[in-house]
Amino acid sequence: MSNPAEMADPESRKKFFDKMAREYRQRSLAVPGVNSLHAMVRAWFETKLKDEANVLVCACGGGAEVDALAPSERRFRILGFDNSEPMLEVAKEAAEKQGASDRSTFILGTLDAVPAHSLFDAATSILVMHFFPDDGTKLEFLRGIRSRLRDGAPIALVDMSCSDEELIRLGPVWVQHARVVDPELGTFIEKMLPASMTAWKNRISPQRTEQLLLEAGFTNVTPFFRGLWIVGWFAEAAGSV
């Protein structure tokens, strides 16, 4: 498996995910509470959205969001994008298995590939933004999502969000949690831990994330999840931007 430090720049990160597309879902079980996290996102959308609402799924590769949202009786319509073609193929397969191919659209590319005039009823960005530097890139990404949402639309944002000290202190817990899930996964996580500081160098604090959400045009920012370093927020698109 490639060294996770290779994820530090966009092109290397794309190559990393291209290589691990078929293993990604298994590897993601190392995220504490990952299945409950997606279930909570679905539950929140079901309380906020009408039937056949249009949901924008950022970096949908791997298909986890598809597997979470497609079975809903609300019959959400999903548009997902990802710049890794192998990862996108896995998401397409997930839609097919869920019987949701007829209400799922997939775009190879970044958020810029999603038509700017599109107006979605909801959006997810799960384990995406922590890769972006906080030099205006994170804010631009959030504003790009906001500009494609209807006023009042809900968003679920989940990112790695912690200090260096927390990363070091909780590292052994992360490894052991992965080992409990799957001994082989625990071995993988133990090997990748030393490189994580570089791979996730662009992570920011929860307070900074909440500030960016507000600056990007979201309101009612509410934390709903934390699993070690992974933090999730619900928010809503504020008035016209």
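H130 is buried in this predicted model, with a relative accessible area of 6%. You'll find H130 in the loop between β4 (122-126) and α6. Skip the neighbours within four places in sequence, and H130 is in contact with K138, D159, M160, W200, N202 and R203.

Now hop over to another loop residue, P71. This one sits in the loop between α4 (64-69) and β2 (77-82). Is P71 buried, partly exposed or exposed? Its relative accessibility is 36%, so P71 counts as partly exposed, because that value falls between the 20% limit for buried and the 50% limit for exposed. Again leaving out neighbours within four places in sequence, P71 is in contact with R42, V66 and Q98. Take R42: along the chain, P71 and R42 are 29 residues apart, and their C-alpha atoms are 9.6 Å apart in space.

Here are the two loop residues side by side:

| Residue | Loop | Relative accessibility | Class |
|---|---|---|---|
| H130 | between β4 (122-126) and α6 | 6% | buried |
| P71 | between α4 (64-69) and β2 (77-82) | 36% | partly exposed |

Next, a pair of helices. The axes of α6 (residues 137-146) and α9 (residues 206-215) come within 9 Å and cross at roughly 45°. That angle makes α6 oblique to α9. As for handedness, α6 passes α9 in a right-handed crossing. Which residues make the contact? On the α6 side they are K138, L139, L142 and R143, and on the α9 side L212, L213 and E215. Sorted by class, the contact has four nonpolar residues, three charged ones and no polar ones. K138 may ring a bell, as K138 is also one of the residues in contact with H130.

What about the inside of the protein? The largest nonpolar core has 76 residues, and those touching the most other members are F45, L56, I145, I189 and F218. Strand β7 (residues 230-237) gives this core its largest share, six residues. Let's look at L56 a little more. Neighbours within four places in sequence aside, L56 is in contact with L79, F81, L111, V114, F120, A122, A123 and T124.

Finally, step back for the whole picture. The protein has nine helices and seven strands. Of its 241 residues, 53% count as buried. And if you take the contacts between residues at least 6 apart in sequence, 73% join residues at least 24 apart.

Technical notes. Residues numbered from 1 in each chain as written. Predicted model: local features only at pLDDT ≥ 70, side-chain atom pairs only at ≥ 80, totals over all residues. Heavy atoms only, no water. Helix = DSSP H or I, 4+ residues; strand = E, 2+ residues; numbered from the N terminus. Buried < 20%, exposed > 50% of the residue type's maximum accessible area, 1.4 Å probe, protein only. Contact = heavy atoms within 4.5 Å. Core = buried A, V, L, I, M, F, W, Y, C linked by side-chain atoms within 4.5 Å. Axes fitted to C-alpha atoms, helices over the stretch in contact; angles between N-to-C directions. Parallel < 35°, antiparallel > 145°, perpendicular 65-115°, else oblique. Left-handed = near helix turned anticlockwise from the far one by under 90°. Nonpolar A, V, L, I, M, F, W, Y, C, P; charged D, E, K, R; others polar.
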